[in-house]
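Here are my notes on the model, set out as numbered points. Please read them with the coordinates open.

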Amino acid sequence: MSVKIKKIKNNQYIVRCDEQDIGTITTYHNEFHNKYLYLKFNLTKYPPYFPFNEIKQAEGQSLQVMTDSTNADLVNLLLRNDFKCKRHCYTPKVTKNDLRIKLNSTYSLYPFDINNKNYGKLCHLLYKYYQATHQAVSPLTVSEDTFVKEIPTKTGYYSRNEEGTIENFVFTEKNEIAYICSFNEKFCDPFIQASLSKLFNKYSSIFFEADDTDWVASRVLNCFNVDKEISFNTYIYE
């Protein structure tokens, strides 16, 4: 089986298999994670082998693909052609009935919004945590100023240690846990439980994303009975 590609636009390749047109691959960049060139597939069939190295060489960048784990044909193509699965992301919507633990609501939390005197500090800490948890897979490539303008939500909760230093915090938007971070593993679990208790007091269900490369989000995920067979995965070709 012969597979050939030809660049037909600045950001698009046509794919031919045994001289038949089987679709296109579109390339794009993500300003926030610009180490890799992203690929989007629009193919009628998936051949067993593919000249991804030609795209890498032509574009001068390693490649990244993000797709649902249920997209079996594409996943198999990627894995057969030297892509490595670097990250699984879970996106559950959960209720109290899904809890595997009993929530502790006695841990002290401080609410915040965009007008809180600590909001800027919390945004700075979020940038540092996000940077650290993404470094190994797809590094953050924007400045803190750009990050803060786009990423943080406007509400949430935080906790302090005995010295008054912020150690744990969560950015929320209505019933969504947008980002949850910790700099103290010992008190992370009580903070998660108290945060969940606050949210379930307001909402019947909540939702969040949990990357398996993010230890705090993974702890939140492990508080619930959820299906881990389905995930949104990141594949890298270097």
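1. Helix H5 is a reasonable place to begin in this predicted model. Of its 15 residues, 11 are buried, so the helix is largely enclosed by the rest of the structure. The buried set is Cys188, Pro190, Phe191, Ile192, Gln193, Ala194, Ser195, Leu196, Ser197, Leu199 and Phe200.

2. What do the buried residues of H5 pack against? Their neighbours are five strands and a helix: S7 (93–95), S9 (155–160), S10 (166–173), S11 (176–182), S12 (205–208) and helix H6 (215–221). The length of H5 (residues 188–202) also checks out: 15 residues at 1.5 Å a residue should span 21 Å, and the end C-alpha atoms are 22 Å apart, which agrees.

3. The largest nonpolar core contains 45 residues, and Phe147, Phe169, Phe171, Ile177 and Phe224 have the most contacts inside it. At least two residues of this core come from each of helix H3 (119–134), S9, S10, S11, H5, S12 and H6. H3 gives the most, with eight residues. A second core, separate from this one, has 23 residues, including Phe52, Leu63, Leu74 and Tyr235.

4. There are 20 aromatic pairs in the structure. One of them, Phe52 with Phe83, is edge-to-face, at 4.9 Å centre to centre and 85° between the planes. Phe52 belongs to helix H1 (residues 52–59), while Phe83 is in the loop between helix H2 (72–80) and strand S6 (84–90), so the pair ties together parts 31 residues apart in sequence. Phe52 has a relative accessibility of 1% and therefore counts as buried; Phe83, at 2%, also counts as buried.

5. Tyr129 and Phe183 make another pair: their ring centres are 6.1 Å apart and their planes lie at 85°, so the pair is edge-to-face. Tyr129 is in helix H3 and Phe183 in the loop between S11 and H5, so the contact ties together parts 54 residues apart in sequence. Are these two residues buried or partly exposed? Tyr129 is buried, with a relative accessible area of 6%, whereas Phe183 is partly exposed at 43%. Both belong to a cluster linked by ring pairs, together with Tyr110, Phe112, Tyr119, Tyr158, Phe169 and Phe171.

6. An open sheet of eight strands runs in the order S1-S2-S3-S4-S5-S14-S6-S13, and its pairing is mixed. S1 and strand S13 (210–211) are the edge strands; each has a single partner strand, so one side of each is left without a neighbour in the sheet.

7. Both senses of pairing can be seen in specific strands. S1 (residues 3–9) and S2 (residues 12–17) are antiparallel over six bridges and form a hairpin with two residues between them. Lys6 has Ile14 of S2 as its bridge partner. By contrast, S4 (residues 37–43) and S5 (residues 63–68) run parallel and are joined by two bridges; here Tyr38 stands opposite Gln64 in S5.

8. Two helices should be viewed against this sheet. H1 packs on the sheet and touches S1, S2, strand S3 (20–28), S4, S5 and strand S14 (232–237), with its direction at about 135° to that of S4. H2 lies across S4, S5, S6 and S14, and runs at about 150° to S5.

Methods:
Residues are numbered from 1 along each chain as its sequence is written. This is a predicted model: local features need pLDDT of at least 70, side-chain atom pairs count only at pLDDT 80 or more; totals for chains, interfaces and linings use all residues. Side-chain values use heavy atoms; hydrogens and water are left out. Helices (H or I, at least four residues) and strands (E, at least two) are DSSP runs, numbered from the N terminus. The expected span of a helix is 1.5 Å times one less than its number of residues. Buried means under 20% relative accessible area, exposed over 50%, partly exposed in between (1.4 Å probe, protein chains only). Contact means heavy atoms within 4.5 Å. Two strands pair if DSSP finds at least two bridges between them. A nonpolar core is a set of buried Ala, Val, Leu, Ile, Met, Phe, Trp, Tyr and Cys residues joined through side-chain atoms within 4.5 Å. Rings of Phe, Tyr and Trp (its six-membered ring) pair if their centres lie within 6.5 Å; planes under 30 degrees apart count as stacked, over 60 as edge-to-face and the rest as tilted. Axes are lines fitted to C-alpha atoms, for helices over the stretch in contact, and angles run from 0 to 180 degrees between N-to-C directions.
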